[in-house]
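Please look over the sequence and the model below before reading on. The report then goes through selected local features.

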Amino acid sequence: MKIAVLKEGAGETRCAAIAETVKKFTALGAEVAVERAAGEGASVADSEFEAADAKVGSRSEVLKGAGIILAINGPDPSTLRGAEKGALLVGALDPLRRRDTIDGYAAAGLDAFAMEWMPRITRAQSMDILSSQSNLAGYKAVVDAAAAYGRAFPMMMTAAGTVSPAKVFVMGVGVAGLQAIATAKRLGAQVSATDVRSATKEQIQSLGAKPIFVENVAGIEGEGAGGYATEMSEEYQKAQAELVSSHIAKQDIVITTALIPGRPAPRLISDAQVASMRAGSVIVDLAADAGGNVEGAVRGEHVVKHGVTIIGATNLARSLAADASALFARNLYNFLSAFWDKEQGKVVLPDDDEIVKAIRLTQGGRIVNERLSAA
Ligand code: NAD
């Protein structure tokens, strides 16, 4: 089985393989071919791939005879000419926003697999690219906030007087939010956090931060399928807005990470709430790609409103390309090796497997995923 690793397009720094995963695939009996300069943005030289026994070559050389094609982002189908019919294409394919591209894979006879649709089951935890990349994004959001903030995070008692600690508020305590709390604590900030899922309260406390929760609206658990949040009732949203208003005015840094799968991100901070913060405060909106949690946030930009810097963060994992590539590459390896048939020396993907059903998009020239057929 030959595995091709593609060089990503402009703007993407990550690579779908690192030397370690090349070695592991080789140990399974696979042959790995890496497109020239694929690891450049992630500080992996071609010579490192070669030392791990990969062949390095042009796009057409690596595609020739490959049974599996690995990528971070789904490549344009026109750039995959020469790929074998029936080859597996595995990466973050963004199926709902890039339906035409997915149709293109079907037309090319490729079996496309969208890693971001990995089900949230224990068996698939090590294959979950959303978690591995969100964790890094949560860390980077705090580092970026600290860089944009004109004051220090930790309390400092100096001969010239005391510097007070920054107050950091994290809204949305999933994978990114938990890492943001941990990072802000490490930097010495006073940290508080909120979520709609009551299970997060204990997690916030265990990281030494203060939970800020809506307590007076009964009967809302906030937890939907697969551990994800659901949309909240109007009554809850109103109570949350009031709670946030009084709290936010006293914060220096706010990191928002709230997402609801399949829906635009919930609006958590209004322009009036931004105006209530003191000048020099910083908000990082990690949901900027999904419509934003913060009124006035612009994707990929720093904007200043009422003296407050609002960072519309997009794909922060890209700015930690080496670590992000290593984790993404291991997610890909963990997926493929779990289905590796040693005797046949290839990946065997049973049609009725929960993981396969969730992430397979195309097969035999057709769209086969229910989520896409329904869209
Ligand atoms: P996410 O990125 O979908 O959302 C981020 C957070 O925003 C969530 O905690 C969500 O509850 C919160 N949120 C949504 N609406 C909100 C609102 N109006 N106000 C405040 N917060 C709001 O979530 P995620 O980071 O992907 O993680 C969600 C859960 O899934 C976590 O409990 C995580 O541990 C779990 N998880 C399980 C697996 C697995 O078992 N394989 C893998 C990854 C994550």
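The text covers the ligand site, two sets of strands, the residues with positive phi and a few single residues. The model is predicted.

**Ligand site**

Which residues come nearest to the ligand? Of the 22 residues around it, these are Arg120, Ser131, Val175, Asp195 and Arg197. By class, the shell around the ligand is made up of 11 nonpolar, 7 polar and 4 charged residues.

Oxygen atoms of the ligand lie close to polar atoms of Gly174, Val175 and Asp195, as listed here.

| Residue | Polar atom in the residue | Distance to an oxygen atom of the ligand |
|---|---|---|
| Gly174 | polar backbone atom | 3.1 Å |
| Val175 | backbone N or O atom | 2.7 Å |
| Asp195 | side-chain N or O atom | 2.7 Å |

On its own the ligand has 840 Å² of accessible area, and the protein covers 86% of that.

Val175 also belongs to helix H6, which spans residues 175-186. Gln179 lies in this helix as well. With a relative accessible area of 17%, Gln179 is below the 20% limit and therefore counts as buried. A polar contact of 3.4 Å links the side chain of Gln179 to the side chain of Arg186.

**Strands E4, E5 and E6**

Strand E5 covers residues 88-92. It has a parallel partner in strand E4 (residues 68-73), joined to E5 by 4 bridges. In this pairing, Ile69 stands opposite Leu89. Strand E6 (residues 111-114) also runs parallel to E5, again with 4 bridges. Here Leu88 stands opposite Asp111.

Is strand E5 enclosed or open? Of its 5 residues, 5 are buried, so the strand is largely enclosed by the rest of the structure.

Between E5 and E6 the chain passes through helix H4 (residues 99-107), and the three elements make a right-handed β-α-β unit. Ala106 is part of this helix. Its relative accessibility is 6%, under the 20% limit, so Ala106 counts as buried. The C-alpha atoms of Ala106 and Ala209 are 48 Å apart, with these positions 103 residues apart along the chain.

**The seven-stranded sheet**

An open sheet of 7 strands has the order E11-E10-E9-E12-E13-E15-E14, with mixed pairing. Which strands stand at the edges? They are E11 (210-211) and E14 (302-305); each has a single partner strand, so one side of each is left without a neighbour in the sheet.

Two pairings in this sheet can be described further. Strand E9 (residues 167-171) pairs with strand E12 (residues 253-256) in the parallel sense, over 4 bridges. The bridge partner of Val168 in E12 is Ile253. E14 and E15, by contrast, pair in the antiparallel sense, also over 4 bridges. Val304 has Thr309 as its bridge partner in E15. E14 and E15 form a hairpin with 2 residues between the strands, and in it His306 takes a positive phi near 55°.

**Other residues with positive phi**

Most residues other than glycine have a negative phi. Ala37 has a positive value, near 65°. Ala37 sits in the loop between strand E2 (31-35) and helix H2 (46-51). What is the relative accessible area of Ala37? The value is 19%, which is under the 20% limit, so Ala37 counts as buried.

Asn315 also has a positive phi, near 40°. This residue is placed in the loop between strand E15 (308-312) and H10. With a relative accessible area of 29%, Asn315 is partly exposed, because the value falls between the limits of 20% and 50%.

**Helix H10 and Arg14**

Helix H10 spans residues 321-338 and contains Asp323. Is Asp323 buried, exposed or partly exposed? At 48% relative accessibility it counts as partly exposed, since exposed would require over 50%. Asp323 and Arg14 are 309 residues apart along the chain, and their C-alpha atoms are separated by 8.9 Å.

Terms used:
Residues numbered from 1 in each chain as written. Predicted model: local features only at pLDDT ≥ 70, side-chain atom pairs only at ≥ 80, totals over all residues. Heavy atoms only, no water. Near = heavy atom within 4 Å. Polar contact = N/O pair within 3.5 Å; in protein donor to acceptor, adjacent residues only side chain to side chain. Areas by Shrake-Rupley, 256 points an atom, 1.4 Å probe, with all protein chains shown as cover. Nonpolar A, V, L, I, M, F, W, Y, C, P; charged D, E, K, R; others polar. Buried < 20%, exposed > 50% of the residue type's maximum accessible area, 1.4 Å probe, protein only. Pairing = 2+ DSSP bridges. Right-handed = clockwise from strand over helix to strand, strands pointing away.
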